[in-house]
Amino acid sequence: MRIPCPICGIRDSGEFTYCGDATVKYPALDADQDAWYEAVFERRNPSGPHTEYWHHTAGCRRYIIVERDTRTHEVFGARLPHEPGPDEQAKQGKAPRRKPSPKRVAQTSTKNSGNGVARPAPKAGTRRRPGSKTRGGA
């Protein structure tokens with residue numbers, strides 16, 4: 001399964017850790033014990049499209065929200081938790097994000113440094129001058 005990280009791009013699912021259901025609504029902190037028991041332990045096991053939290057442990061180390069089908073493992077998209085989801089975008093009158101086309105994915109992957117890791121361009125004036133000291137001492 002390939003997951004499109006909003007920061008790093010499309011990556012293998014082995015770089016991520018599943019962190020749970022992103023649709024759970026927790027009760028208020030002062031709610032009774034039964035309400036918390038239901039929220040934490042009484043969950044349904046969805047079959048089909050679902051929204052989940054994932055952690056990019058071997059990459060940018062950001063938490064992301066992934067929309068995927070639990071039957072086929074097809075990933076529909078991913079976003080950062082503070083970004084509006086497809087439901088909120090529809091309420092605001094914005095079109096939901098579409099899956100990136102293969103052509104666009106191929107174009108973005110050629111900008112990487114060859115090992116699959118995107119590297120930012122060096123800032124002007126940050127090159128090391130001959131004879132300057134390095135971090136390690138001597």
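Is aspartate 34 buried or exposed? Select aspartate 34: this residue is exposed, with a relative accessible area of 55%. Here buried means under 20% relative accessible area, exposed means over 50%, and partly exposed lies in between, with a 1.4 Å probe and protein chains only.

The structure is a predicted model, in which local features need pLDDT of at least 70, side-chain atom pairs count only at pLDDT 80 or more, and totals for chains, interfaces and linings use all residues. Residues are numbered from 1 along each chain as its sequence is written, and side-chain values use heavy atoms, with hydrogens and water left out.

**Overview**

Colour by secondary structure. The protein has three helices and six strands, arranged along the sequence as β-β-β-α-β-β-β-α-α. Helices (H or I, at least four residues) and strands (E, at least two) are DSSP runs, numbered from the N terminus. Of the 138 residues, 22% count as buried.

**Stop 1: helix 1 and two surface patches**

Stay with aspartate 34, which is placed in helix 1 (residues 33-41). Add Asp32, Glu38 and Glu42 to the selection: together with Asp34 they gather in a patch of negative charge on the surface. Lys and Arg count as positive and Asp and Glu as negative, while His and the chain ends are not counted. The place of a charge is taken as NZ of Lys, CZ of Arg, CG of Asp or CD of Glu.

Next select Tyr26, Tyr37, Val40 and Phe41, which make a nonpolar surface patch of about 450 Å². Valine 40 is also found in helix 1 and counts as partly exposed, at 37% relative accessibility. Patches are made of residues with over 30% relative accessible area and no salt bridge; like charges are joined within 9 Å, and nonpolar side chains (Val, Leu, Ile, Met, Phe, Trp, Tyr) within 5 Å. The accessible areas come from the Shrake-Rupley method with a 1.4 Å probe, and for residues only the protein chains shown count as cover.

**Stop 2: strand 5 and its partners**

Select residues 63-69, which are strand 5. Six of its seven residues are buried, so strand 5 is largely enclosed by the rest of the structure.

Show strand 4 (residues 49-55) beside strand 5: the two pair in the antiparallel sense over seven bridges. Two strands pair if DSSP finds at least two bridges between them. For one of these positions, pick histidine 55, whose bridge partner in strand 5 is tyrosine 63.

Now add strand 6 (residues 75-79), which pairs with strand 5 in the antiparallel sense over four bridges. Here glutamate 67 stands opposite glycine 77 of strand 6. In strand 6, select valine 75; this residue is buried, with a relative accessible area of 11%. A distance label from its C-alpha atom to that of histidine 50 reads 9.7 Å, and the two residues are 25 apart along the chain.

**Stop 3: two loops with positive phi**

Most residues other than glycine have a negative phi. What is the phi of arginine 61? Arginine 61 has a positive phi of about 65° although it is not a glycine. Find it in the loop between strand 4 and strand 5, where arginine 61 counts as exposed at 54% relative accessibility.

Move to the loop between strand 5 and strand 6 and select histidine 73. These strands form a hairpin with five residues between them, and histidine 73 in the turn has a positive phi of about 65°. At 44% relative accessibility, histidine 73 counts as partly exposed.

**Stop 4: salt bridges**

Side chains of opposite charge can pair when their charged atoms come close. A salt bridge is a side-chain nitrogen of Lys or Arg within 4 Å of a carboxyl oxygen of Asp or Glu. How many salt bridges does a search of the whole structure find? The search finds four; three of them are visited here, as follows.

- Glutamate 52 and arginine 68: the closest N and O atoms are 2.6 Å apart. Glutamate 52 lies in strand 4 and arginine 68 in strand 5, so the pair ties together parts that are 16 residues apart in sequence. Both glutamate 52 and arginine 68 are buried.
- Glutamate 67 and arginine 79: the closest N and O atoms are 3.4 Å apart. Glutamate 67 lies in strand 5 and arginine 79 in strand 6, so this pair ties together parts that are twelve residues apart in sequence. Glutamate 67 and arginine 79 are both buried.
- Aspartate 69 and arginine 71: the closest N and O atoms are 3.5 Å apart. Aspartate 69 is buried, with a relative accessible area of 8%, whereas arginine 71 is exposed, at 55%.
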